[in-house]
Every structure is written in structure tokens, then in C-alpha cells.
Amino acid sequence: MAFLLRYENVAWYENGAVRILDRRIYPIRIEFVTCHTHDEVAQAIADMVTQSGGPYTAAAMGMALAAWEARNKSAADTLTFLEQAAYTLSHARPTTAAKMERVTARALERAKTALAEGIHGEALAELLRQSAIDRLNAGYADHDRMAEYLANLTPRNATVMTQCFAESIIGCYLRECRRRNNEVKLICPETRPYFQGARLTASVARDMDFDVTVITDNMPGYTMREKKVDFFTSASDVITMDGHIINKVGTFQIALCASYWGIPYYVTGAPDPKRPTLDSVTIEERDPELVLDAMGTKTTLPGVKGFYPAFDITPPKLCDGVVTDKGVFAPCNLKHYFD
């Protein structure tokens with residue numbers, strides 16, 4: 001698996017600290033942000049130190065760190081501290097709070113059981129670290145299944161356009177394509193303002209020795225025709241039960257282009273029962289200053305304003321299918337995922 005997708009290079013708890021790879025600057029520089037409190041982990045998540053699936057791993061490891069912070073507290077006080085930590089970590093970013101709550105709730109339940117059994121202090125921190133690793137292993141198993149379904153849909157030696165960074169799904173998908181001797185080529189829009197497509201997706205593909213090309217975010221429509229793109233896929237931050245896809249801003253316009261050119265679009269992820277309709281989703285608007293520079297270089301005059309919605313909404317009619325760990329579902333039939 002590519003460097004970027006190895007557990008210890010996402011977020012890792014050890015000896016009273018969580019180390020998070022700074023994806024804002026990778027691969028230009030390989031640097032880690034070290035957090036000594038769970039509050040610092042939450043701030044790192046809010047500051048986009050890690051993105052895509054990284055925040056979920058960081059939150060799980062952050063719960064281990066919170067247990068270490070509470071190592072000298074009583075069992076009752078430890079539980080209260082962990083409950084507060086779970087809320088802080090899961091609400092670091094509003095759009096993904098519901099999914100993050102599932103991560104922290106799992107750790108919290110594990111902690112409650114352990115505390116009742118007399119496990120506390122550093123032993124509890126180690127138990128929650130192992131819980132985070134177990135979650136990663138289960139996630140990779142799910143993504144391997146998604147990768148198989150996605151590979152089933154991918155034409156042989158296809159040119160595939162992606163959007164943003166699909167974390168371990170993209171690595172598992174490429175690994176599955178390689179297993180089938182399907183040498184797909186990737187085209188990655190850069191995904192401003194953090195350039196996740198250029199820096200993360202393209203790096204994973206290159207690490208795994210796949211043909212990969214980066215384009216700017218205003219090129220997908222023309223590129224789809226000129227480079228004969230066969231397939232468009234993205235991950236998702238939220239998939240509502242009524243089939244709306246919330247993903248990195250720019251996904252909607254690529255889906256529109258794919259629809260125009262007759263290119264299938266398949267999204268990976270799972271529907272969220274806590275998001276029954278689009279009305280239940282809050283689109284996060286981030287610091288507008290972030291769109292006024294590129295990797296630290298100012299691109300505008302003083303006084304120019306920016307607008308930065310972190311996500312956009314792709315309606316169900318633009319999506320050919322939702323690829324899950326249980327199979328492929330039509331966006332209008334997502335209730336069957338839970339059958």
C-alpha cells in the first residue's frame with residue numbers, strides 16, 4: 001500500500017501523543033503534527049492537517065490520548081472526561097459530525113466496558129489505541145469489498161477521473177485493478193485549495209506505479225472528451241438516504257460533465273440513516289482567505305473577497321450507482337442497504 005495509506009502515516013497514538021501526517025504539505029515535505037492533548041487533535045482536524053478518511057483515524061487515536069490524559073483520574077471522572085473528549089473530537093468539523101460520532105461512540109463504549117472491569121490509566125489508553133487499529137482493519141476490509149464492486153464496473157484499461165482523495169478506497173481499488181491486470185489510468189483534478197487530488201490521490205497512484213495525470217479544477221469537461229475518459233468515481237463525505245451526495249466542492253460540476261458526455265459516475269460510501277434528506281446536512285463554509293492564495297502564495301490584491309464552501313451537493317439523478325461494502329445500489333433505493 002502507498003506510503004500515505006499506511007496506518008502509522010495517517011494518525012498514530014504512542015507514549016502520550018498523537019502524531020498526524022500533515023497532508024496540507026505532503027508530498028512537498030513529509031512532516032507530522034504532534035498533539036499532546038485531545039483538544040489539539042480536534043484542532044488539527046479542524047485545521048485540515050488531515051483530510052478525507054484521516055480525521056476518523058485521528059479521532060479514534062485522539063480517544064486513546066484522552067484516556068492517557070485521564071490516567072490519574074478516578075473511573076467516574078475518567079468516563080466524564082472521555083465523554084467530553086468524544087464530543088470535542090466528533091464535532092471538530094460540522095459536516096461530518098454524525099459519522100465522527102460513530103467513531104468516538106465506539107471508543108467510548110469500549111472504555112465503559114474496560115473501566116467496569118477495572119482497566120484504567122495507560123492500559124486503557126493502549127486498549128483504545130488497539131480499538132482504533134481494529135477499526136482501521138475493519139475499514140480496509142470494507143474498502144476491499146467496495147474495491148471489488150467498483151472494479152467490476154470499470155472497463156478494461158479504462159481512463160478514470162477521480163475527485164479529491166478517497167483515502168484507502170482509492171488504494172484498495174488500484175490494488176484490485178492490479179490484481180485483475182487492469183492497468184487503469186487516472187486523471188486527478190487538483191482539488192483546490194488544499195490540492196488533495198494533486199498531492200494525495202496522484203501520490204498514491206504514483207507510489208503504486210499507475211499512470212496518473214493531474215489537471216486543474218476548471219479542466220474536467222474538456223479533458224473528459226479529449227482524453228476519452230471512460231469512468232468517473234469519487235468518495236463521499238455524506239450520502240443522504242434520499243440519494244444526495246455531499247463531497248468535496250467540485251464533484252457536482254464533474255458529475256454534470258460526466259452526464260453530458262455519457263460517462264458513468266459511481267460514488268463510494270454508505271448511506272447515512274442520520275441524514276434522511278438533504279435538509280439534514282449542513283454544508284461547511286471554511287475560511288475564505290484560503291481561496292485567495294495557492295500553497296501559501298498570495299494570488300489576489302488586498303481587499304479581494306473569497307468564498308469557500310468545503311462541499312457541494314450532487315443530486316441522485318447524476319449518479320449511476322452507490323458502491324458500498326454490500327454491493328451497488330441505485331441512489332433512489334438506498335434503504336435496501338440496511339435490509
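**Exercise 1. Find which residues of the largest nonpolar core touch the most other members.**

Step 1: Fix the terms. A nonpolar core is a set of buried Ala, Val, Leu, Ile, Met, Phe, Trp, Tyr and Cys residues joined through side-chain atoms within 4.5 Å; buried means under 20% relative accessible area, exposed over 50%, and partly exposed in between, with a 1.4 Å probe and protein chains only.

Step 2: Mind the origin. This is a predicted model, where local features need pLDDT of at least 70, side-chain atom pairs count only at pLDDT 80 or more, and totals for chains, interfaces and linings use all residues. Residues are numbered from 1 along each chain as its sequence is written, and side-chain values use heavy atoms, leaving out hydrogens and water.

Step 3: Read off the result. Among the 73 residues of the largest core, Val 18, Ile 20, Val 41, Met 63, Tyr 173, Leu 174 and Val 204 touch the most other members. A second, separate core has 20 residues, including Ile 239, Ile 245, Val 267 and Leu 318.

**Exercise 2. Work out the order of the strands in the open sheet and what lies across them.**

Step 1: Helices (H or I, at least four residues) and strands (E, at least two) are DSSP runs numbered from the N terminus, and two strands pair if DSSP finds at least two bridges between them.

Step 2: The order is E1-E2-E3, with antiparallel pairing. Strand E1 (11-14) and strand E3 (32-35) are the edges, each pairing on one side only.

Step 3: E1 and strand E2 (residues 17-21) share 4 bridges; one of the partnerships joins Ala 11 to Ile 20.

Step 4: Now add the helix. H2 lies across E1, E2 and E3 at about 15 degrees to E1. Such angles run from 0 to 180 degrees between N-to-C directions, with axes fitted to C-alpha atoms, for helices over the stretch in contact (heavy atoms within 4.5 Å).

Step 5: Of the 16 residues in H2, 14 are buried.

**Exercise 3. Compare the span of helix H4 (residues 97-116) with the expected one, then find what covers its buried residues.**

Step 1: The expected span is 1.5 Å times one less than the number of residues. For the 20 residues of H4 that should be 28 Å, and the end C-alpha atoms are 28 Å apart, so the two agree.

Step 2: The buried residues of H4 include Met 100, Val 103, Leu 108 and Leu 115. Their cover includes H1, H2, helix H3 (75-90) and helix H5 (121-153).

Step 3: Just after H4, Gly 118 takes a positive phi of about 85 degrees.
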